[in-house]
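Thanks for making the time this morning. I would like to take you through one model, beginning with a single position and working outwards from there.

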Amino acid sequence: MSTGLPIFRYHPDPLASGSIRASAEECVCCHRSSGWIYTATFYTAQEVNGRFCPWCIADGSAAERFAGEFSDAYGLDGVSEETLHEVTRRTPGFHAWQDPHWLVHCQDAAAFLGEVGYSELAAHPDALDQLRADLRMGGWHDASQLEHFLTHLGEGASAMLFRCTVCGTHLAYADAS
Ligand SMILES: [Zn+2]
Ligand SMILES: [Zn+2]
């Protein structure tokens, strides 16, 4: 099944994540109606009276024309400048309570898979273990409270799931209102 959408290395299924959806809406950048429209974040000081098609995201024209970025560079430490720009200027962001940001593994940005709850996260023990360790480092010292938070992900708070583009390890961070 091919939708003919551009390939986004760091956000491989923007339809599944809800960042792109079918729509007859015209793109504010290229003024074409491609059948698909971007629905998530874009940060710019300019006024943008509309939304973008996936192609204007993929080729960088939307970010260039409106001098903006689709996600925060926060967390993208140790990646090349080229990767940093590909993630922030040529990759669809996603819906989250907090500003969306990317995780890094093997010195490359990881691929965003989607927002998940506990059961989906638990299907990737590597991501669950890493998130537990991160939260503990971030100040969750009460183990039973931490387990309660983790097992209730998907109700209010949720996890943003990623997969390393190099080694395939799954990673996650917690997103809460
Ligand atoms: Zn366009
Ligand atoms: Zn890796």
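Let me start with Ser71, which is buried, having 26 other C-beta atoms within 10 Å, and I should say at once that this is a predicted model. Ser71 sits in the loop between helix 2, residues 61–65, and helix 3, residues 81–90. If we leave aside the neighbours within four places in sequence, the residues in contact with Ser71 are Thr41, Val87, Thr88, Gly93, Pro100, His101 and Trp102. Glu26, by comparison, is 45 residues away from Ser71 along the chain, and the C-alpha atoms of these two residues are separated by 22 Å.

Now keep that loop in view and look at Tyr74, which also has its place between helix 2 and helix 3. Is Tyr74 buried or exposed? Tyr74 has 12 C-beta neighbours inside 10 Å, and because a residue with 12 or fewer is classed as exposed, Tyr74 counts as exposed. The C-alpha atom of Tyr74 lies 15 Å from that of Met160, although 86 residues separate the two along the chain.

Met160 brings me to strand 6, residues 158–163, where six of the six residues are buried, so that the strand is described as mostly covered. In a regular strand, the side chains alternate between the two faces of the sheet. Here Ser158, Met160 and Phe162 point one way from strand 6, while Ala159, Leu161 and Arg163 point the other way, and all of them are buried.

What does strand 6 pair with, and in which sense? On one hand there is strand 5, residues 111–116, which pairs with strand 6 in the antiparallel sense over five bridges. Within that pairing, Gly114 stands opposite Leu161, and Glu115 stands opposite Met160. Strand 5 is itself largely enclosed by the rest of the structure, because five of its six residues are buried. On the other hand there is strand 7, residues 170–175, which also pairs with strand 6 in the antiparallel sense, in this case over six bridges. Ser158 has Asp175 of strand 7 as its bridge partner, and in the hairpin that joins strand 6 and strand 7, with six residues between the strands, Gly168 takes a positive phi near 90°.

These strands lead naturally to the nonpolar cores. The largest nonpolar core has 21 residues, and those with the most contacts inside it are Phe112, Leu161, Phe162 and Ala172. Strand 5, helix 5 (residues 125–137), strand 6 and strand 7 are the elements that give two or more residues to this core, and the largest share, four residues, comes from strand 6. Phe112, again leaving aside neighbours within four places in sequence, is in contact with Tyr10, His11, Ser17, Phe94, Trp102, Met160 and Phe162. There is also a second, separate core of 13 residues, which includes Trp36, Ile37, Ile57 and Phe70.

Let me now step back to the division into domains. The chain is divided into domain 1, residues 15–98, and domain 2, residues 103–177, and the C-alpha centres of the two domains lie 24 Å apart. Where they meet, 13 residues of domain 1 are in contact with 11 residues of domain 2, and the residues on the domain 1 side of that meeting divide into seven nonpolar, five polar and one charged.

Finally, the chain as a whole. It contains six helices and seven strands, and read along the sequence these follow the pattern β-β-α-α-α-β-β-β-α-α-α-β-β. The radius of gyration is 17 Å, close to the 16 Å that the globule rule gives for 177 residues, so the chain is as compact as a globular protein of that length. Along its principal axes, the C-alpha trace spans about 55 × 35 × 30 Å. Of the 177 residues, 31% count as buried, and among the contacts with a separation of 6 or more, 59% are between residues 24 or more positions apart.

Definitions and conventions. Residues numbered from 1 in each chain as written. Chains lettered and ligands numbered in written order. Predicted model: local features only at pLDDT ≥ 70, side-chain atom pairs only at ≥ 80, totals over all residues. Rg over C-alpha atoms; globule rule 2.2 N^0.38 Å. Buried ≥ 20, exposed ≤ 12 C-beta atoms within 10 Å, placed from the backbone. Contact = placed C-beta atoms within 7 Å. Domains from an automatic or database assignment. Nonpolar A, V, L, I, M, F, W, Y, C, P; charged D, E, K, R; others polar. Pairing = 2+ DSSP bridges. Core = buried A, V, L, I, M, F, W, Y, C linked by C-beta atoms within 7 Å.
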